[in-house]
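Q: Could we go through this model together, feature by feature, with the general idea of each reading followed by the case at hand?

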Amino acid sequence: MLLGGSRIEYVRIMRDLREDADKTQQEIADYLGTSQTMYARYERGANELPIHHLIKLCDYYHVSADYFLGLTKKQS
């Protein structure tokens with residue numbers, strides 16, 4: 001479990017950010033340089049999101065890592 005957050009929290013935020021940006025899992029997977037299947041596993045919480053993907057997603061969505069991980073409600 002994350003300090004102040006949880007795996008469930010960050011996977012929900014990851015999905016919400018993608019949906020709010022009107023992006024498909026395939027589009028985000030392409031941005032990350034991974035497969036849609038692997039990205040879907042990250043979004044379900046079946047696989048841990050690698051730190052290099054976390055950094056890229058925070059940059060892509062213009063949010064802080066604390067927000068992405070559910071540690072704060074403030075986006076940046």
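Q: Which side chains meet Arg15 or Arg12 in a salt bridge, and how should such a pair be read?
A: The general idea is to look for a side-chain nitrogen of Lys or Arg within 4 Å of a carboxyl oxygen of Asp or Glu. In this predicted model, the side chains of Arg15 and Asp16 form such a pair, at 3.4 Å from N to O, and Asp16 is also bridged to the side chain of Arg12, at 2.9 Å from N to O. Arg12 in turn forms a salt bridge with Glu9, where the closest N and O atoms are 2.9 Å apart. Salt bridges that share partners thus join Glu9, Arg12, Arg15, Asp16 and Glu19 into one network, and the count for the protein comes to five salt bridges.

Q: How many helical turns separate Arg12 from Glu9 and from Asp16?
A: Sequence spacing within a helix is the thing to read here. Arg12 and Glu9 are three residues apart in helix H1, and are therefore separated by about one helical turn; Arg12 and Asp16, being four residues apart in helix H1, are likewise separated by about one helical turn.

Q: Are these residues buried, exposed or partly exposed?
A: The class follows from the relative accessible area, with buried meaning under 20%, exposed meaning over 50%, and partly exposed lying in between. Arg12, at 34%, is partly exposed, and so is Arg15, at 32%. Glu9, with 24%, counts as partly exposed, as does Asp16, with 23%.

Q: Which charged residue makes polar contacts with Arg18 and Tyr39, and where does it lie?
A: A polar contact is read from the pair of side chains and the distance between them, and it is then worth adding the burial of each partner. Glu43, in helix H3 (residues 36-44), has a side chain that makes a polar contact with the side chain of Arg18 at 2.7 Å and another with that of Tyr39 at 2.8 Å. Glu43 is buried, with a relative accessible area of 9%, and Arg18, which is found in helix H1, is also buried, at 9% relative accessibility. Leaving aside residues up to four places away in sequence, Glu43 touches Val11, Met14, Arg15, Arg18 and Gln25, while the residues touched by Arg18 include Lys23, Ile28 and Tyr61.

Q: Where on H4 do the buried residues fall?
A: One lists the buried residues and then looks down the helix axis. In H4 they are His53, Leu54, Leu57, Cys58 and Tyr61. Seen down the axis of H4, these residues fall within an arc of 135°, so they line one face of the helix, whereas Ile55 and Asp59 are exposed on the other side.

Q: Which residues other than glycine have a positive phi, and where are they placed?
A: The backbone angle can be read together with the residue's place and its accessibility. His62, which follows H4, has a phi near 60°, lies in the loop between helix H4 (51-61) and helix H5 (65-68), and is exposed, with a relative accessible area of 62%. Another such residue is Asp22, with a phi near 55°, in the loop between helix H1 (7-20) and helix H2 (25-32); Asp22 is exposed, at 68% relative accessibility.

Q: What is the secondary structure of the protein as a whole, and how much of the protein is buried?
A: An overall reading joins the element count with global totals. The protein has five helices and zero strands, and 36% of its 76 residues count as buried. Among contacts with a separation of 6 or more, 52% come from residues 24 or more positions apart. About 4,700 Å² is exposed, with carbon and sulfur atoms supplying 52% of that area.

How values were computed:
Residues are numbered from 1 along each chain as its sequence is written. This is a predicted model: local features need pLDDT of at least 70, side-chain atom pairs count only at pLDDT 80 or more; totals for chains, interfaces and linings use all residues. Side-chain values use heavy atoms; hydrogens and water are left out. Helices (H or I, at least four residues) and strands (E, at least two) are DSSP runs, numbered from the N terminus. Buried means under 20% relative accessible area, exposed over 50%, partly exposed in between (1.4 Å probe, protein chains only). Contact means heavy atoms within 4.5 Å. The arc is that of the directions from the helix axis to the C-beta atoms. A polar contact is a pair of N or O atoms within 3.5 Å; within protein, one must be able to donate a hydrogen and the other to accept it, and residues adjacent in sequence count only if both atoms are side-chain atoms. Accessible areas come from the Shrake-Rupley method with a 1.4 Å probe; for residues, only the protein chains shown count as cover.
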